[in-house]
Amino acid sequence: MKTGYLIDMDGVIYRENQLIPGAREFVEALIASGAPFVFLTNNSSPTPEDLSVRLGHLGVPGFSPRHFYTSALNTADFLSETHPICTVFVIGEGGLLTALHERKIASDAINPSYVVVGEGAVSMEKLAKAHSCIEGGARLLATNPDNWCPISARDTRPGAGSTAAFLEASTGRRAYYLGKPNGYMFHRARRKLAEMVGGMPDQIVVIGDTMETDIRGAIEAGLQAYLVLSGSTSIEQVADYVYQPTRVLSSVADLIDEIKSGKPSSRLDSPVYSNGFARNNRVGRRHQTDAEHPAKRRPRAPMTR
Ligand SMILES: [Mg+2]
């Protein structure tokens, strides 16, 4: 059976500018096996070339840009497919600007069809301009829904989701969020895998560390969803979610042997399917959307008198 892989980067391949132990061997095993794979990231700042250089500095050189698919590329693909003659006012960095430029989508600060929000490059001036464009009729599009992104084990930075949320609040309009878990991201990533090998693989495995984006998107797209615990999710949190990963792995290092041998292992199947785990650990209600997910509960404000 031919398997293709869609692999998240932060928390899966590296963390805080350090390769996760076993990640290099995992990638080398993948390349040796001939399996098609694409790195899939919600970060809209870098270009595929930037990501290739970054992996090279971390000790995994030699990737071509076709091995990367970012939420910026997904946004440009979405616009060029659904509205090719549109114009855009962009709040974002190089990866987003380059992707839109390559799809020949013109910038327009006067009467754009869309305000496109990506990572970074925010200023009050740009927000005010975007606000007035939206009030003038532009639609609001964000490259990804992440409100914050980790920059180290302790620190975070604001993400595209929080910039879009600002504009949602100021204009009363809702943004459309591309990137994971949006099905369009997985649809285009699958097509990319198929182009690599001249046909759709028999099965596609998504490997990620975040339940709300990687695992949810994979499940909703009908793909295999492998959660690794080397990033943002701990095993205790897994059972809180209605959707469950197909497998839970400590890191991609767990996959090296089976990729080399071509024989999938079942020993690391999701523990929530084993006896007792789910009942004993599940907190909160089922059938919630992530926006009101019980794991994201905020403490209630104290009562006022
Ligand atoms: Mg990640």
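1. The covering of helix H8 deserves a first remark: helix H7 (183-197), S13 and S14 are among the elements that cover its buried residues, contact being taken as C-beta atoms, placed from the backbone, that lie within 7 Å. Helices (H or I, at least four residues) and strands (E, at least two) are DSSP runs, numbered from the N terminus. This is a predicted model, in which local features need pLDDT of at least 70 and side-chain atom pairs count only at pLDDT 80 or more, while totals for chains, interfaces and linings use all residues. Residues are numbered from 1 along each chain as its sequence is written.

2. Helix H8 spans residues 211-220, and 9 of its 10 residues are buried, so H8 is largely enclosed by the rest of the structure. A residue counts as buried if 20 or more other C-beta atoms lie within 10 Å of its own, as exposed if 12 or fewer do, and as partly exposed in between, with C-beta atoms placed from the backbone. The buried residues of H8 are Met211, Glu212, Thr213, Asp214, Ile215, Arg216, Gly217, Ala218 and Ile219. After H8 comes Gly222, which has a positive phi, near 75°.

3. Strands S13 (residues 203-208) and S14 (residues 224-228), which help to cover H8, run parallel and are joined by 4 bridges; two strands are said to pair if DSSP finds at least two bridges between them. Val206 stands opposite Ala225 in S14.

4. These strands belong to an open sheet of 6 strands with parallel pairing, in the order S5-S4-S1-S13-S14-S15. Strand S5 (68-70) and strand S15 (247-249) are at its edges with a single partner strand each, so one side of each has no neighbour in the sheet. From one strand to the next the twist averages 25°, where axes are lines fitted to C-alpha atoms, for helices over the stretch in contact, and angles run from 0 to 180 degrees between N-to-C directions.

5. Another open sheet has 5 strands, again with parallel pairing, in the order S7-S6-S8-S9-S12. Its edges are strand S7 (106-107) and strand S12 (176-177), and because each has a single partner strand, one side of each is left without a neighbour in the sheet. S7 pairs with strand S6 (residues 87-91) in the parallel sense over 2 bridges, and Val88 stands opposite Ser107 in S7.

6. For the protein overall, there are 11 helices and 15 strands, and buried residues make up 42% of its 305 residues. Of the contacts with a separation of 6 or more, 66% are between residues 24 or more positions apart.

Key:
Contact = placed C-beta atoms within 7 Å.
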